[in-house]
Amino acid sequence: MPRLSEVIAELDALWPPDRAEQWDAVGTVCGDPDARVGRVLFAVDPVQEIVDEAVSLGADLIVAHHPLYLRGTTTVAAGHFKGRVVHDLIKNDIALHVAHTNADTADPGVSDALAGALDLRVTGPLVPENGLGRICELDHPETLAEFAARAAARLPATAQGIRVAGDPGMTVRRVAVSGGSGDSLFDAVRAAGVDAFLTSDLRHHPVSEATQRTPLGLVDAAHWATEWPWCEQAAAQLDAISDRHGWDLRVHVSKTVTDPWSSHHTSPGAPN
Ligand SMILES: [Zn+2]
């Protein structure tokens, strides 16, 4: 079995830490570099449910997309929910490693996995300067409603489901996709001249302005759902590395839905 330090070196080659944004907090949160790793669990969020899953699975390493402490901390006391995560990880000899914006900008990265989940053909990055997002082509033109239905069918189910802005009957040939929050990418989406944009966390004003300006279709999935396909992509990458080294790692992808939204209700009628 490889040591944790050997596994991390391979993960750092996939998602170089120096490609993370300045404000980000990527890398190993806890774990002994000399500990042996036999079982790895990939997940989007390093939350208690994922730690519990890793414990029952007998995992030695969790690889998460989101940081545990994005803004640093002065305490890991177990009375705090994040401190509890750290305590449970250390007590159970489980390491935690984070690949966040360095996984977004990698090739393949988070948005390649999102495009792959929908069977879209990637033609290049949405933001060439940093590699964020992807421009994709559809094999056959479809309506915005059909494209949204494809997203609903291919992404894991969440309470939010898929929200659509724009004319459901408009024709979609080229799309931009970006896993995670896509609010900041509207300028790049407009510059790319695509028909639709699949992402998450879109807000009222940017959506209102974007759809008033041009006939752009917007497809908004749950943040977690747009990033979950990366876990499967990353697990396959680590599996291939394990085969190459003869490590015999057991690599798992968590199917626990850690999207924080838990239910969805539609009001029965318009205001009167
Ligand atoms: Zn995210």
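Analyst: Contact means heavy atoms within 4.5 Å, while helices (H or I, at least four residues) and strands (E, at least two) are DSSP runs numbered from the N terminus. This is a predicted model, in which local features need pLDDT of at least 70, side-chain atom pairs count only at pLDDT 80 or more, and totals for chains, interfaces and linings use all residues. Residues are numbered from 1 along each chain as its sequence is written, and side-chain values use heavy atoms, with hydrogens and water left out.

User: Happy to start with helix α6: which strands are included in what covers its buried residues?

Analyst: Good place to begin! Helix α6 spans residues 144-154, and L144, F147, A148, R150 and A151 are buried there (under 20% relative accessible area with a 1.4 Å probe, protein chains only; exposed is over 50%, partly exposed in between). The cover over these buried residues includes β6 (132-143), β7 (163-165), β8 (171-181), β9 (196-200) and β10 (217-221).

User: Within what arc do the buried residues of α6 fall, seen down the axis?

Analyst: The buried set in α6 is L144, F147, A148, R150 and A151. These residues line one face of the helix, because the directions from the helix axis to their C-beta atoms fall within an arc of 150°.

User: Is β9 largely enclosed or open, and how many of its residues are buried?

Analyst: In a regular strand the side chains alternate between the two faces of the sheet. Both faces of β9 are covered, with A196, L198 and S200 buried on one side and F197 and T199 buried on the other. The strand is therefore largely enclosed by the rest of the structure, the buried count being 5 of the 5 residues.

User: Which residue in β9 is the bridge partner of S181?

Analyst: β8 and β9 pair in the parallel sense over 4 bridges (DSSP must find at least two for a pair). In β9, the residue bridged to S181 is S200.

User: Now the metal: how many residues apart are H66 and H223?

Analyst: The protein donors of the zinc ion (N, O and S atoms within 2.8 Å, or 3.2 Å for Na, K and Ca; water is not among the atoms, so sites may look incomplete) are H66 (NE2), H223 (NE2), E227 (OE) and E227 (OE), lying 2.0 to 2.3 Å from the ion. Along the chain, the donors follow the spacing H-x156-H-x3-E. H66 sits in the loop between β3 and α3 while H223 belongs to helix α9 (residues 223-245), so this pair links distant parts of the chain, with a separation of 157 residues.

User: Is H66 buried or exposed?

Analyst: H66 is located between β3 (61-64) and α3 (81-91), in a loop. Leaving out residues up to four places away in sequence, H66 touches V44, D45, P46, V98, H100, H223 and E227. Its relative accessibility is 15%, so H66 counts as buried.

User: Which elements do the buried residues of α3 pack against?

Analyst: Helix α3 has G83, V85, V86, D88 and L89 as its buried residues. They pack against β1 (27-30), α2 (48-57), β3 and β4 (95-98).

User: Which residue is joined to P108 by a cis peptide bond?

Analyst: P108 is in the loop between α4 (101-104) and α5 (110-117). Omega is about 5° for the cis bond that joins P108 to D107.

User: What is the relative accessibility of D201?

Analyst: D201 lies in the loop between β9 and α8 (204-213). Its phi is near 65°, a positive value in a residue other than glycine. D201 counts as partly exposed because its relative accessibility is 36%.
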